[in-house]
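Here's a quick tour of a protein model, written for someone who'd rather be at the bench. Have a look at the fold first, then read on.

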Amino acid sequence: FRYHLTNVNASIGLSQLARVEEFIASRQRSCRLYSELLDGVPGISVPSTDFTGISPFIYTVRVGGGRRQSMIDHLRRNGIATGIHFLPAHRYSFYSGCPRGDMEVTERVSSEIVTLPLHSGMRTETVAGICDAIKGFFS
């Protein structure tokens with residue numbers, strides 16, 4: 001296989017690397033705003049970090065009370081895409097025969113986590129609108 005980049009793709013990659021600190025700071029700001037606006041919303045748990053020293057590529061919250069799918073559907077109806085990016089390893093066929101103990105906590109957490117939109121250059125108004133839609137679901 002040939003996995004090297006073309007000159008054009010390498011040039012684009014290098015130009016983006018020159019802006020990496022800007023991209024990281026932008027994502028950190030968005031994550032901090034999500035946490036600030038969603039902290040204290042009944043039914044939502046936000047990450048317990050200030051995102052210092054982290055280069056976030058996703059932002060996740062936990063949706064309690066078995067309401068994750070309902071919230072995802074509500075957000076979809078409001079034009080907001082979400083994702084589920086955590087599947088426990090013991091659910092993959094490769095690990096199906098591996099010995100394991102009680103996975104109650106893993107099962108619960110994996111059934112609650114949902115990924116909210118996050119990208120570099122995300123506008124404050126976009127994050128606020130997503131948070132308003134989430135608050136609307138829980139009110």
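What follows goes from the whole chain down to a few single residues.

**The whole chain**

Keep in mind that this is a predicted model. The protein chain has five helices and three strands. If you walk along the sequence, you meet them in the pattern α-α-β-β-α-α-β-α.

How does the radius of gyration sit against that of a compact globule of 139 residues? Such a globule would come out near 14 Å, but the protein chain has 18 Å. The C-alpha trace spans about 50 × 45 × 30 Å along the principal axes of the chain. As for burial, 31% of the 139 residues count as buried.

Now for the contacts. Take those in the protein chain with a separation of 6 or more: 70% of them come from residues 24 or more positions apart.

On the outside, the accessible surface comes to about 9100 Å², and carbon and sulfur atoms hold 55% of that. The charged side chains split into 15 positive and 12 negative, with the centres of the two sets 6 Å apart.

**The aromatic rings**

A pair of aromatic rings is described by the distance of the centres and the angle of the planes. The protein chain's count comes to four aromatic pairs. Two of them are set out here.

| Pair | Centre to centre | Angle between planes | Type |
|---|---|---|---|
| F51 and Y59 | 6.0 Å | 40° | tilted |
| F137 and F138 | 4.8 Å | 85° | edge-to-face |

Why is the pair of F137 and F138 edge-to-face? The planes of these two rings lie at 85°, and planes over 60 degrees apart count as edge-to-face. Both F137 and F138 are buried. F51 and Y59 are buried as well. Ring pairs also bring in Y34, which is linked with F51 and Y59 into a cluster.

**A closer look at F51**

Where along the chain does F51 lie? You'll find F51 in the loop between β1 (44-45) and β2 (59-63). F51 counts as buried because its relative accessibility is 6%, and the cut-off for buried is under 20%.

The backbone is worth a glance too. Most residues other than glycine have a negative phi. F51 is not a glycine, yet its phi is positive, at about 70°.

**V46, in that loop as well**

V46 also has its place in the loop between β1 and β2. Is V46 buried or partly exposed? With a relative accessible area of 22%, V46 is partly exposed. Leaving out residues up to four places away in sequence, V46 touches S35, L38, D39, Y59 and V61. One of these, Y59, is the ring partner of F51 in the tilted pair. V46 and T60 are 14 residues apart in sequence, and their C-alpha atoms are 7.3 Å apart in space.

**E112, in a helix**

The last stop is E112, which is found in helix α4 (residues 104-112). E112 is buried because its relative accessible area is 13%, set against the cut-off of under 20%. What does E112 contact, leaving aside its neighbours within four places in sequence? The list is V61, R62, V63, G64 and R68. V61 turns up here for a second time, as V46 touches V61 too. Strand β2 covers 59-63, and V61, R62 and V63 are among the contacts of E112.

Technical notes
Residues are numbered from 1 along each chain as its sequence is written. This is a predicted model: local features need pLDDT of at least 70, side-chain atom pairs count only at pLDDT 80 or more; totals for chains, interfaces and linings use all residues. Side-chain values use heavy atoms; hydrogens and water are left out. Helices (H or I, at least four residues) and strands (E, at least two) are DSSP runs, numbered from the N terminus. The radius of gyration is taken over C-alpha atoms; the globule rule is 2.2 Å times the number of residues to the power 0.38. Buried means under 20% relative accessible area, exposed over 50%, partly exposed in between (1.4 Å probe, protein chains only). Contact means heavy atoms within 4.5 Å. Accessible areas come from the Shrake-Rupley method with a 1.4 Å probe; for residues, only the protein chains shown count as cover. Lys and Arg count as positive and Asp and Glu as negative; His and the chain ends are not counted. The place of a charge is taken as NZ of Lys, CZ of Arg, CG of Asp or CD of Glu. Rings of Phe, Tyr and Trp (its six-membered ring) pair if their centres lie within 6.5 Å; planes under 30 degrees apart count as stacked, over 60 as edge-to-face and the rest as tilted.
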